[in-house]
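Trainee: I'd like to go through this one with you and check that each label we use is earned. Can we start with the ligand?
Mentor: Sure, pull it up.

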Amino acid sequence: MQVPLLDLKAQYATIKKEVLAAVSEVLESQVCIGGPKVAELEKKVAEISDCKFAVGVSSGTDAILNSLMSLEIKAGDEVITTPFTFFATVGCISRVGAKPVFVDIDPLTYNINPELIESAITKKTKAIMPVHLYGQMADMDPIMSVANKHGLAVIEDAAQSITSTYKGKKAGSIGTVGCFSFFPSKNLGGIGDGGMVVTNDKPLYDRLTFMRNHGSNPKYYHKYVGGNFRLDPIQATALLVKLPYLDEWSQARRKNAAYYDKNFAGSAVKTPYINPDCVSIYNQYVIRVSKRDELMKTLKEKAIGCEIYYPVPMHIQECFNYLGYKKGDFPEAEKAANEVLAIPIYPELSDEMKDYVAESILSFVR
Ligand SMILES: *Cc1c(COP(=O)(O)O)cnc(C)c1O
């Protein structure tokens, strides 16, 4: 049996007719930039995120970049974030000229440890960027209270966590802005790159809108130095087809997660810890084992897809050498990087596939 980490063809097979019709409609209209599909998606994503405003952008990365630019975060400023994330979180901070300042993670949730944030704040700190990793939101109450106390913006990197909740509140609705990615492997994935920024702040919404279009308003009158961060209407129309299925797909992922949790209980496989305040959308199901690299090799031999998210924490990435961090600075992030492994969790997994994955892992750890 073969079990890929993710099977986009299986999902596409269920919605192929709808996607083709929707894409064809956009092509016939020849509205190739912006237009009603982008506006409709923005309205719907704002709604499902319990936010007033949404701005479609070209990727999750550009959602973060646009947020930083629209908050006027620049050279000389500092942004506090986690070293255990996808590169884009930290890359964007660096690209606007600001300094990424790391604090270690909570080893249970893999999200930023809120207790460590306040001591990292300096006069230069402008924002905190928590990342809702693997589909589970960071512990937002203590993050918001330290941010409010020091007058800092909060940028939620919710690329992996659209519609995930914390104390009943949606990802992206708690901080100053929330950033989503529609990369095809995310729970709501496009047929190419795409992203969205959500906010409840009207002046910030206006800046986000100008900034994605070279900072112009009106056209050819440039108030800010922005970029081309526009969402493609072909992506918007495909995402509009997929959106009504999102909850059902996330529910299927939670069901698969519960199945693995049950099978791994009492074994040497550490299953994901979900904070009782959170509902995860399981963008990844990440186990933790001591002989991770050997397990990975065994699974690959058995044609079971698996992946390390992420093998090298950001503070020890070569491109961030200039920040002056070294190995050992964030022990929990480094330990997690050596022990985590994502296994197949996608909604279309069959019972036989789940059994095969669980049995293969259990026989390895026994
Ligand atoms: C996917 C992802 C991004 C970037 O999104 P893209 O759409 O690939 O640009 C940013 N942050 C995190 C945590 C992600 O998982």
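**Labels and what backs them**

Mentor: Start with Thr 61: an N or O atom in the side chain of Thr 61 is 2.5 Å from an oxygen atom of the ligand. Keep in mind that this is a predicted model.

Trainee: What makes the Thr 61 pair a polar contact?

Mentor: The cut-off is 3.5 Å between N or O atoms. At 2.5 Å, the Thr 61 pair is within 3.5 Å, so it counts. Gln 160 has a side-chain N or O atom 2.8 Å from a ligand oxygen, and for Lys 186 the distance is 3.0 Å; both are within 3.5 Å, so they count as well.

Trainee: How much of the ligand does the protein bury?

Mentor: The protein buries 93% of the 380 Å² that the ligand exposes when taken alone. The ligand sits in the largest pocket.

Trainee: What makes Gly 60 part of the ligand's surroundings?

Mentor: A residue is near the ligand if one of its heavy atoms lies within 4 Å. Gly 60 is listed among the closest of the 17 residues that surround the ligand, so it meets that cut-off. Helix H3 (60-70) and helix H4 (87-95) each give two or more residues to the shell, and H3 has the largest share, with 3 residues.

Trainee: How is the shell divided by class?

Mentor: It has 7 nonpolar, 8 polar and 2 charged residues.

Trainee: On to the strands. Why are S6 and S7 called a pair?

Mentor: Pairing takes at least two bridges. Strand S6 (residues 165-166) and S7 have 2 bridges, so they qualify, in the antiparallel sense. In one of them, Thr 165 is bridged to Lys 170 in S7.

Trainee: And what makes S7 and S10 edge strands?

Mentor: Each pairs on one side only. The order in this open sheet of 3 strands is S7-S6-S10, with antiparallel pairing.

Trainee: Which backbone features should I flag?

Mentor: Most residues other than glycine have a negative phi, and most peptide bonds are trans. His 214 is not a glycine, yet has a positive phi of about 60°; His 214 lies in the loop between H6 and H7. Pro 218 is found in the loop between helix H6 (202-211) and helix H7 (233-242), and a cis peptide bond with omega of about -10° joins Asn 217 to Pro 218.

Trainee: Where is Tyr 310, and what kind of peptide bond joins Tyr 309 and Tyr 310?

Mentor: Tyr 310 is in the loop between helix H9 (292-301) and helix H10 (331-339). The bond is cis, with omega about 10°.

How values were computed. Residues are numbered from 1 along each chain as its sequence is written. This is a predicted model: local features need pLDDT of at least 70, side-chain atom pairs count only at pLDDT 80 or more; totals for chains, interfaces and linings use all residues. Side-chain values use heavy atoms; hydrogens and water are left out. Helices (H or I, at least four residues) and strands (E, at least two) are DSSP runs, numbered from the N terminus. A polar contact is a pair of N or O atoms within 3.5 Å; within protein, one must be able to donate a hydrogen and the other to accept it, and residues adjacent in sequence count only if both atoms are side-chain atoms. Accessible areas come from the Shrake-Rupley method with a 1.4 Å probe; for residues, only the protein chains shown count as cover. On a 1 Å grid over the protein atoms alone, a cavity is a set of points where a 1.4 Å probe fits but cannot get out, and a pocket is an open set with protein on both sides within 12 Å along at least five of seven lines; lining residues have an atom within 4 Å of a point. A molecule sits in a cavity or pocket if more than half of its atoms lie within 2 Å of its grid points. Ala, Val, Leu, Ile, Met, Phe, Trp, Tyr, Cys and Pro count as nonpolar, Asp, Glu, Lys and Arg as charged, and the others, Gly among them, as polar.
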